[in-house]
Amino acid sequence: MKKLIIAATLGLTASTGIAAAEDKPVIASIVFQGDQFMKSLQAGMRDAGEKAGAEVLEINIDGDQAKESQAIDTYIARKVNAIVIAPVSAKNSAPALKRARDAGIVVVAVNGGLTEAGIAQATFSTSNKDLGATTGKAAASFIKETLGGKAKVAILGFKSLLPEQSGERTEGFKEAAADGNTIDVVTEQDAWLPEKAVSVATDILTANADVNVIYAANEGGTIGAMQAVRNAGKAGSVYVFGIDGSEQLAKGLLSSDNVLQAVTAQSPFEMGASGVNAALAILKGEKVAEQTSVPTLLLSRTQPDGVKAFAESLK
C-alpha cells in the first residue's frame, strides 16, 4: 500500500520516530497553538486517523510562520501524501502549501482557508465573522436589557498573531453588538493567552473605570478577561463576552459570579476528523466538497442546560 502521511511533524527522528510500515498509513497534523480548541482539533484528526488504521503524528508550531513552513518542507522531502493543517495565515501559509501541492501532496485546511484558490483541495471552517456576530448578538440583547442600551467596551484580540481571523471576529462582534445600542469601544489590544490577557485586562480596567463590557476574540483572551474582572472585584459591574468553548469557559458561564455572559463555540473535534476523512477520500480518488462551513454554537449564561450539555460533550 502506498504510504499515507497527513501533515506534519518537525524533526525526523525525535518528532516522528521510526517510519511506518508500508502497509500502515501515517497521519499527522499541523496546528498553530496549544489551547483547548487546537487540542480538540488534533484529537479529532487523531481519532479519525486511528479509525482508518493509521499512525498519527502531531505538531504545534506555536504561531511561528517560519516553523510552519519548515514543517511543510520537511514533509515534502519525506514525500508525504497529504497535509491537514490549521494555517497560521490565510495568505502567508499559502506559498509553502503550494510547494506541497506542486509536489503532488494533498492539502486540506481546517479552521480557516487560504486566500489563494486551488491550494487547499478541501476546507473546513467556521466563518470568523459569524463567530464574532453570534457573540455580538448575545451582547446586544444583554446591553439593551441590562445596561440600558449603552456600553463602554474593551476588546482583546490577536491581530499580531492572526490578523485576518482576529479582525473578522472583532468586526462581527462590533457590528452585531451595536444593533440598537450605543457602543463606545474604548480600546482594542492584543492578548490571546490567559496570563497576558489577565494583565492587559487588569490594566484596561484600572485605566478605564467606566468600561463595563469586555469582548475577547479567543479562548485564552476570554479566560484572562474573566479572571481580571474577578481579581478587580468588578463582578456584577463588568461583563465578559468571548469566543471558543472549553471546560473552563463552561464553568465560567455556570458560575454564580455573573461575569462571563456568553461565548460562541466551534466544533473542533468534528472539524479535525472531517479534515482527515476528506484527505483520505481524496487520496482514494473520491470527490469532496471544496468548502464546508461548520456552524457556530452559542453558549449563554441564560441557557445553562445547553452549557452543561456542551461541557459533557468535551469529556
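Colleague: Which residue's backbone nitrogen lies 3.1 Å from a polar atom of the side chain of Asp244?
Modeller: Bear in mind that this is a predicted model. Asp244 sits in the loop between β10 (239-243) and α8 (247-254). From there its side chain has a polar atom 3.1 Å from the backbone nitrogen of Glu219.

Colleague: Asp244 is buried, so which is the nearest side chain of opposite charge, and how far away is that side chain?
Modeller: A salt bridge needs the nitrogen and the carboxyl oxygen within 4 Å. Asp244 has no salt bridge despite being buried. Its contacts beyond four places in sequence include Phe37, Asn218, Val263 and Arg169. The nearest side chain of opposite charge is that of Arg169, at 4.2 Å.

Colleague: Where does the end-to-end distance of α5 come out, given 15 residues at 1.5 Å a residue?
Modeller: Helix α5 covers residues 163-177, and the expected span is 21 Å. The model agrees with that, because the end C-alpha atoms of α5 are apart by 21 Å.

Colleague: What covers the buried residues of α5?
Modeller: The buried residues of α5 include Arg169, Thr170, Phe173 and Ala176. Strands and a helix are among the elements over them: α4 (128-146), β7 (150-157), β8 (182-190), β9 (213-216) and β10.

Colleague: Which residue forms a salt bridge with Glu171?
Modeller: Glu171 counts as partly exposed, with 36% relative accessibility. Its partner is 3 residues away in helix α5, so about one helical turn separates the two. The closest N and O atoms are 3.1 Å apart, and the partner is Lys174.

Colleague: Lys174 forms another link; with which residue are the closest N and O atoms 2.9 Å apart?
Modeller: That salt bridge joins Lys174 to Glu188. Lys174 is in helix α5 and its partner in strand β8, so the pair ties together parts 14 residues apart in sequence. The partner counts as partly exposed at 38% relative accessibility, and the residue you asked for is Glu188.

Colleague: How far apart in sequence are the parts that Arg230 and Asp257 tie together?
Modeller: The side chains of Arg230 and Asp257 meet in a salt bridge at 2.6 Å, N to O. Arg230 belongs to helix α7 (residues 219-231) and Asp257 to the loop between α8 and β11 (260-265), so the parts tied together are apart in sequence by 27 residues.

Colleague: And how many salt bridges does a search of the whole structure find?
Modeller: Some share partners: Glu171, Lys174 and Glu188 are joined into one network. Arg230 with Asp257 is another salt bridge. The search of the whole structure gives 11.

Key: Residues are numbered from 1 along each chain as its sequence is written. This is a predicted model: local features need pLDDT of at least 70, side-chain atom pairs count only at pLDDT 80 or more; totals for chains, interfaces and linings use all residues. Side-chain values use heavy atoms; hydrogens and water are left out. Helices (H or I, at least four residues) and strands (E, at least two) are DSSP runs, numbered from the N terminus. Buried means under 20% relative accessible area, exposed over 50%, partly exposed in between (1.4 Å probe, protein chains only). Lys and Arg count as positive and Asp and Glu as negative; His and the chain ends are not counted. A polar contact is a pair of N or O atoms within 3.5 Å; within protein, one must be able to donate a hydrogen and the other to accept it, and residues adjacent in sequence count only if both atoms are side-chain atoms. Contact means heavy atoms within 4.5 Å. The expected span of a helix is 1.5 Å times one less than its number of residues.
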